[in-house]
Amino acid sequence: MALRFKNLDGSGPQPFSSIFKWAVADKLAGRRRKAPARAEVPRVKPDLALLATPPATGEGARLTWLGHASWLVQLDGLSLLIDPVLRDTISGVIRRNVPPGVPMEKLPPITASLVSHNHYDHLDLPTLEKVGAPIVTGLGHAPVFRGSGLGVTELDWWRSTQVGAVTVHFVPSQHWSRRGLNDVNEMLWGGFVIEGSSARVFHSGDTAYFEGFKEIGLRYPGIDAAMLPIGAYDPAWFMRRQHMNPEEAVQAFEDLGAARFLAMHWGTFKLTDEPLDEPPRRLDAEWTRRGLARERVEVLPVGGTLTVRHG
């Protein structure tokens, strides 16, 4: 079957033989690492009074981690959501390890929801419908939202759209897409560069490590904060073509030339074999090994907020 979309290096998704080995054969043979489905993950009560009013023009970008790859990004008078998955389960099957950083009913008014790709742990249609904001996403996603009443703006890689005073750029990632039985790579995956008057932030979406991080850094210099995934990497032989481990995430951060690293995609859903609380420890060890400045890395608690701005 010809794929509509491929990665920058021409690669597509894992073949069925690899999926079967990982999901069935290795599991039955006991070759996969075993770890508990739950773990303690830091969480704080969100400052709802603060979040009710986005930063004004010139006041930087306020970033609140909602868990997994879900963020509330506020800048230039707007509140945006990225990959909001705020229900108790993914598809009614995989339960959250920690509640959302901000419950859906406590969110401020949302101007737009940005969706990196169509996997169910990033595109949760009931969450997006309840939020009720227009969607910005990659090419091919309109059918998912048919009948939802939500407006959809589709972007190719390196294309942009305006959301109020804010520019949203859709950039490549190294991943794949599938939502049903016969739609492999029919919808484009990617990340976002969000640019306001006094801050530029990057959200990678789901991604393996790839050379594209250098190109993103060249095209969008001066990234104030990079939200990068550090979990869902074990077993490496299978996951490294679609997810980064913490060490690779640090290399991606350096490739981007960003000022701050914000960790995500860990601790919320048990998707792979590593312990839920392992990724931050590996991130800390790699940060120390490279001798990077401590003030440049943030592992926010779920519900935690950080404000960044140019300079």
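At the start of helix α6, Asn-245 acts as a cap on the N-terminal end: one of its side-chain oxygens sits 3.1 Å from the backbone nitrogen of Glu-247. The model is a predicted one, and this helix makes a handy way into it. Helix α6 covers residues 246–256, and most of it is hidden, with eight of its eleven residues buried. The buried set is made up of Pro-246, Glu-248, Ala-249, Val-250, Ala-252, Phe-253, Asp-255 and Leu-256. As background, an α-helix has 3.6 residues a turn, so residues three or four places apart point the same way. What do the buried residues of α6 pack against? Their partners are three strands and two helices by label: β12 (200–203), β13 (225–229) and β14 (261–264), plus α4 (212–219) and α7 (279–290). Right after the helix comes Gly-257, with a positive phi near 70°.

Stepping back to the whole chain, the secondary structure adds up to seven helices and 16 strands. The radius of gyration is 18 Å, close to the 19 Å that the globule rule gives for 311 residues, so the chain is as compact as a globular protein of that length. Laid along the principal axes, the C-alpha atoms fill a box of roughly 55 × 45 × 40 Å. Of the 311 residues, 58% count as buried. Contacts often link parts of the chain that are far apart in sequence: taking contacts between residues at least 6 apart, 66% join residues at least 24 apart. The chain exposes about 12800 Å², and carbon and sulfur atoms supply 53% of that area. As for charge, there are 35 positive and 34 negative charges, and the mean positions of the two sets are 4 Å apart.

Next up is Thr-64, which belongs to strand β1 (residues 61–67). Is Thr-64 buried or exposed? Its relative accessible area is 0%, so Thr-64 is buried. Setting aside residues up to four places away in sequence, Thr-64 touches Leu-51, Ser-70, Trp-71, Leu-72, Val-102, Gly-303, Gly-304 and Thr-305. With one of these, Thr-305, there is also a polar contact of 2.8 Å between the two side chains. Ala-133 gives another reference point: Thr-64 and Ala-133 are 69 residues apart in sequence, and their C-alpha atoms are 18 Å apart in space.

Just past β1, the loop between β1 and β2 (70–75) holds His-68. With a relative accessible area of 2%, His-68 is buried. Its backbone is worth a look too, as phi is near 55°, a positive value in a residue other than glycine. For context, most residues other than glycine have a negative phi, and most peptide bonds are trans. Trp-158 is another case: its phi is positive, about 75°, although Trp-158 is not a glycine. Trp-158 sits in the loop between β8 (152–155) and β9 (159–163). Then there is the peptide bond from Asp-234 to Pro-235, which is cis, with omega near 10°. Pro-235 has its place in the loop between β13 and α5 (236–239).

Strand β9 also includes Thr-161. Why does Thr-161 count as buried? Its relative accessibility is 18%, and the cut-off for buried is under 20%, so Thr-161 makes the list. Not counting residues up to four places away in sequence, Thr-161 touches Val-136, Thr-153, Leu-155, Val-166, Thr-167 and Val-168.

Finally, what about His-175? This residue is found in the loop between β10 (166–171) and β11 (191–195). Despite its place in a loop, His-175 counts as buried, at 2% relative accessibility. Which side chains make polar contacts with the side chain of His-175? One is that of His-119, at 3.2 Å, and another is that of Asp-206, also at 3.2 Å. Leaving aside neighbours within four places in sequence, His-175 is in contact with Asn-7, His-117, His-119, Trp-189, Asp-206, Thr-207, Gln-242 and His-243. Both polar partners, His-119 and Asp-206, thus appear in that list of contacts as well.

Notes
Residues are numbered from 1 along each chain as its sequence is written. This is a predicted model: local features need pLDDT of at least 70, side-chain atom pairs count only at pLDDT 80 or more; totals for chains, interfaces and linings use all residues. Side-chain values use heavy atoms; hydrogens and water are left out. Helices (H or I, at least four residues) and strands (E, at least two) are DSSP runs, numbered from the N terminus. The radius of gyration is taken over C-alpha atoms; the globule rule is 2.2 Å times the number of residues to the power 0.38. Buried means under 20% relative accessible area, exposed over 50%, partly exposed in between (1.4 Å probe, protein chains only). Contact means heavy atoms within 4.5 Å. Accessible areas come from the Shrake-Rupley method with a 1.4 Å probe; for residues, only the protein chains shown count as cover. Lys and Arg count as positive and Asp and Glu as negative; His and the chain ends are not counted. The place of a charge is taken as NZ of Lys, CZ of Arg, CG of Asp or CD of Glu. A polar contact is a pair of N or O atoms within 3.5 Å; within protein, one must be able to donate a hydrogen and the other to accept it, and residues adjacent in sequence count only if both atoms are side-chain atoms.
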